[in-house]
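Work through the exercises below with the sequence and the model in view. Try each task before reading its solution.

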Amino acid sequence: MNIVFMGTPAFAVPSLRMLLAEGYNVVAVVTQPDRPQGRKKVLMPTPVKEVALEHGLPVLQPQRMRHPEAVNELAAYKPDLIVTAAYGQILPKAVLDLPAKGCVNVHGSLLPKYRGGAPIQRCIINGETVTGITLMYMAEGLDTGDMIAQVEVPITDEDTSGTLFEKLSTAGAALLKEQMPRLLEGGVPVTVQDDSQATYAPNLKREDEKIDWSKPTRDIYNQIRGLVPFSGAFTFWNDDVFKVWGSRKGEKASKEAAPGTVLQLTPEGIEVKTGDGALWLTDIQPSGKKAMDAGQFIRGTSMTPGTVLK
């Protein structure tokens, strides 16, 4: 049977590698167009494209999967099953109707919770202690399709979005491997999602990255780790962006200091007053500089106790 795989970031790579290792007939790979990256804006292939090229697979990179020419190009491969994992575009009905065995998606949450484009980051930011993978048939709505199978993955207090991405991508590949024989046979029993239990995980915006020091320590701690290693959380120091890449929870701090006040600087961290206590910043990045640990930062900084981060 002809299988088309659709995916873009590193999250999707284990699923594609599994299909290839198991000998499934992947006839083409669809991924997002190459994007400029880094300060020099070098055009880089997606992680999924790199794997596809390693195996000599045809790669399709339409700007918009909704365009008729993109649909026609995909149809030429006569897919019996389409497998997607973090592809990054909503598929039109014309694509969903192509394969006789349907379109299945490896989604990084326990649906119907966290439908949308940023389920992994949002679940950490929201302080969840468990998440998982849902294998589902795709429908025209946003992650609304019938569910085939799920697996839970615990979230530890030390997890960041980066570590959780790795755990979930591995779990997703394993769940897909387990279910592939049934998917190719067809007629898989499904569970209809309960829309009344749905929550959403929209893509992150700039305002999601700004630290509000009046919030509880735990909320800020979760926000920081939920944005690592991607955009990072930030605050302002001397009107310049001051990024935070790592932190640890502190003890109860003096209520006299305003939230955002630097209480002390040590080689182990920068203690900052929060809404209900204090948070130690352990890895930071001043404007115009590379990321560094607190020990490196305090050796040459003008920041002092009493400085207010905003």
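The exercises go from the whole chain to a sheet, a helix, a strand and two single residues.

This is a predicted model, in which local features need pLDDT of at least 70 and side-chain atom pairs count only at pLDDT 80 or more, while totals for chains, interfaces and linings use all residues. Residues are numbered from 1 along each chain as its sequence is written, and side-chain values use heavy atoms, with hydrogens and water left out.

**Exercise 1. The whole protein**

Task: State how many helices and strands the protein has, and what share of its residues is buried.

Solution. Step one is to count the elements: the protein has 9 helices and 15 strands. These are DSSP runs (helices are H or I of at least four residues, strands are E of at least two), numbered from the N terminus. Step two is burial: 49% of the 310 residues are buried. Buried stands for under 20% relative accessible area, exposed for over 50%, and partly exposed for what lies in between (1.4 Å probe, protein chains only). Step three is extent: the C-alpha trace spans about 65 × 45 × 30 Å along its principal axes.

**Exercise 2. A sheet and the helix on it**

Task: Find the edge strands of the open sheet of 7 strands, and the helix H1 that packs on the sheet.

Solution. First write down the strand order, which is S5-S2-S1-S6-S7-S8-S9, with mixed pairing. Two strands count as paired if DSSP finds at least two bridges between them. Strand S5 (59-60) and strand S9 (147-154) are the edges, each pairing on one side only. Next look inside the sheet: S6 (residues 81-85) and S7 (residues 103-107) run parallel and are joined by 3 bridges, with Val83 opposite Val104 in S7. Then add helix H1 (residues 13-21), which packs on the sheet and touches S1 (3-7), S2 (26-30), S6 and S7. The direction of H1 makes about 165 degrees with that of S2 (axes are lines fitted to C-alpha atoms, for helices over the stretch in contact, and angles run from 0 to 180 degrees between N-to-C directions). Contact is taken as heavy atoms within 4.5 Å.

Last, list the buried residues of H1: Val13, Ser15, Leu16, Met18, Leu19 and Leu20. Their cover includes S1, S2, helix H2 (47-54), S6, S7 and helix H6 (161-185). Just after H1, Gly23 has a positive phi of about 85 degrees.

**Exercise 3. Strand S13**

Task: Decide whether the faces of S13 are covered or uncovered, and name the strands that pair with S13.

Solution. Begin with burial: in S13 (residues 269-273), 5 of the 5 residues are buried. Gly269, Glu271 and Lys273 lie on one side, Ile270 and Val272 on the other, and both faces are covered. Now take the partners. S12 (residues 262-266) pairs antiparallel with S13 over 4 bridges, one pair being Leu265 and Ile270, and a hairpin of 2 residues joins these strands. S14 (residues 278-286) is also antiparallel to S13, through 4 bridges; here Lys273 is the bridge partner of Ala278, and 4 residues lie between the strands of the hairpin.

**Exercise 4. Asp208**

Task: Is Asp208 buried or partly exposed, and which residues does Asp208 contact?

Solution. Locate Asp208 in helix H7. Asp208 is partly exposed because its relative accessible area is 23%. Apart from neighbours within four places in sequence, Asp208 contacts Arg122, Asn203, Gln223 and Leu227.

**Exercise 5. Tyr200**

Task: Where is Tyr200 found?

Solution. Tyr200 is in the loop between H6 and helix H7 (206-209). With a relative accessible area of 48%, Tyr200 is partly exposed.
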